[in-house]
Amino acid sequence: IITKTGVIIPVETRISHGVWNDAPVIFGVTKDISELKFSEEKFSKVFYLNPSACGLSDLNDYKYVEVNEAFYKLLGFEKGEVIGKNPIELGILSYEARNTILQNSKDKGNQYEVEADLKAKNGEIKHVLLSAEIIHIGGKDYRYTVVHDITARKMAEQALKENEKKFRLIAEKTSDTIAVLDMNLNFTYLSPSVEKMLGYTPEEALRLNINQLLTPDSLAIV
């Protein structure tokens with residue numbers, strides 16, 4: 001509608017037929033929804049421009065009503081393949097995986113950074129952190145889901161674990177004493193040979209700070 005000053009504002013109007021002063025009339029109730037429209041426009045920008053995969057789905061059947069470009073990029077689907085289908089129908093999640101995620105829900109069915117594995121269209125497994133909450137748009141509630149891809153991080157963690165295993169195998173067989181310290185100079189690892197060199201078992205030595213083992217002159221160098 002147009003205000004006296006010529007400003008156009010969005011409104012929601014409900015009408016019904018009735019009688020007023022013995023004459024048939026139309027009753028109207030009009031509500032200014034400017035703030036709601038502004039809020040929805042802001043959400044729309046965040047949704048479509050979000051670098052993380054986002055989806056809006058129906059609360060009853062979990063079928064997607066909208067997803068963003070990052071969703072298609074992450075999981076490799078075409079635009080016509082997703083809308084109107086749920087994650088199970090798309091093969092993204094199994095029934096068991098979906099139920100596990102729902103079991104981790106907080107209040108009102110919300111989820112916050114739940115670790116999950118999603119299957120892309122090509123069969124590739126994507127390790128993700130999944131967050132979801134119920135939001136109200138256009139008079140209806142939807143499930144808003146945001147998925148952060150942590151596949152690269154998971155792969156790096158696995159590689160680090162494998163390297164650590166190799167390191168321990170080498171460290172535990174050498175006659176030299178090998179130590180790992182944190183930034184406060186506390187030991188986080190000592191090889192078994194420390195006992196032969198210093199008389200401390202590795203467990204005892206781990207309770208020490210390097211300051212307790214070095215001479216004053218050596219501490220000055222460190």
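This tour moves through the structure one selection at a time and says what is found at each stop. The model is a predicted one.

**Stop 1: the strands that pair**

Begin by selecting β3, residues 53-58, together with β4, residues 64-67. These two strands run antiparallel and are joined by three bridges. To see one of the pairings, display Leu56, whose bridge partner in β4 is Glu66. The two strands form a hairpin with five residues between them. In that turn, select Tyr62, which has a positive phi of about 65°.

Next, add β7, residues 140-149. β3 pairs with β7 in the antiparallel sense, over six bridges. Within this pairing, Ala53 stands opposite Val147 in β7.

Continue to β6, residues 125-137. β6 and β7 also pair in the antiparallel sense, here over 10 bridges. Two positions may be displayed in this pairing: Leu130, with Val147 as its bridge partner in β7, and Ala132, which stands opposite Thr145 in β7. Val147 is thus a useful residue to keep on the screen, since β7 meets Ala53 and Leu130 at this position.

Finally, select β5, residues 111-119. β5 pairs with β6 in the antiparallel sense over seven bridges. Asp117 stands opposite His127 in β6. The hairpin of β5 and β6 has five residues between the strands, and Gly123 in this hairpin takes a positive phi near 95°.

**Stop 2: the loop before β3**

Now select the loop between α1 (34-49) and β3 and display Asn50, which is found there. Is Asn50 buried or exposed? Its relative accessible area is 17%, and because the limit for a buried residue is under 20%, Asn50 counts as buried. A polar atom of the Asn50 side chain lies 2.9 Å from the backbone nitrogen of Ser52. Beyond the residues up to four places away in sequence, Asn50 touches Asn68, Ala70 and Tyr144.

Ser52 is the next selection, and its place is also in the loop between α1 and β3. Ser52 is buried, with a relative accessible area of 12%. Leaving aside neighbours within four places in sequence, the contacts of Ser52 are Asn68, Ala70, Val146, Val147 and His148. Asn68 and Ala70 are therefore worth displaying with both loop residues, as they are touched by Asn50 and are in contact with Ser52, which is buried.

**Stop 3: Val146 in β7**

From Ser52, follow the contact to Val146, a residue of strand β7. Val146 counts as buried, at 13% relative accessibility. Apart from neighbours within four places in sequence, Val146 is in contact with Ser52, Ala53, Cys54, Leu129, Leu130 and Ser131. Select Phe47 as well: Val146 and Phe47 are 99 residues apart along the chain, yet their C-alpha atoms are separated by 9.2 Å.

**Stop 4: the cavity**

How many cavities of 30 Å³ or more does a search of the whole structure find? The search finds one. The largest cavity has a volume of about 280 Å³. To locate this cavity, select Tyr64, Pro87, Leu93, Leu130 and Thr145, which lie nearest its centre among the 22 lining residues.

Which elements each supply at least two residues of the lining of the largest cavity? They are β3, α2 (69-75), α4 (95-103), β5, β6 and β7. β3 gives the most, with four residues. Colouring the lining by residue class shows 16 nonpolar, four polar and two charged residues.

**Stop 5: two residues with positive phi**

Most residues other than glycine have a negative phi. Two further selections depart from this pattern.

The first is Glu113, which is not a glycine but has a positive phi of about 50°. Glu113 lies in strand β5 and is exposed, with a relative accessible area of 54%.

The second is Leu185, a residue other than glycine with a positive phi near 65°. Leu185 is found in the loop between β8 (179-181) and β9 (187-190). With a relative accessible area of 29%, Leu185 is partly exposed.

Note on methods
Residues are numbered from 1 along each chain as its sequence is written. This is a predicted model: local features need pLDDT of at least 70, side-chain atom pairs count only at pLDDT 80 or more; totals for chains, interfaces and linings use all residues. Side-chain values use heavy atoms; hydrogens and water are left out. Buried means under 20% relative accessible area, exposed over 50%, partly exposed in between (1.4 Å probe, protein chains only). A polar contact is a pair of N or O atoms within 3.5 Å; within protein, one must be able to donate a hydrogen and the other to accept it, and residues adjacent in sequence count only if both atoms are side-chain atoms. Contact means heavy atoms within 4.5 Å. On a 1 Å grid over the protein atoms alone, a cavity is a set of points where a 1.4 Å probe fits but cannot get out, and a pocket is an open set with protein on both sides within 12 Å along at least five of seven lines; lining residues have an atom within 4 Å of a point. Grid points are joined across faces, edges and corners, and a volume is the space filled by probe spheres set on the points. Ala, Val, Leu, Ile, Met, Phe, Trp, Tyr, Cys and Pro count as nonpolar, Asp, Glu, Lys and Arg as charged, and the others, Gly among them, as polar. Two strands pair if DSSP finds at least two bridges between them.
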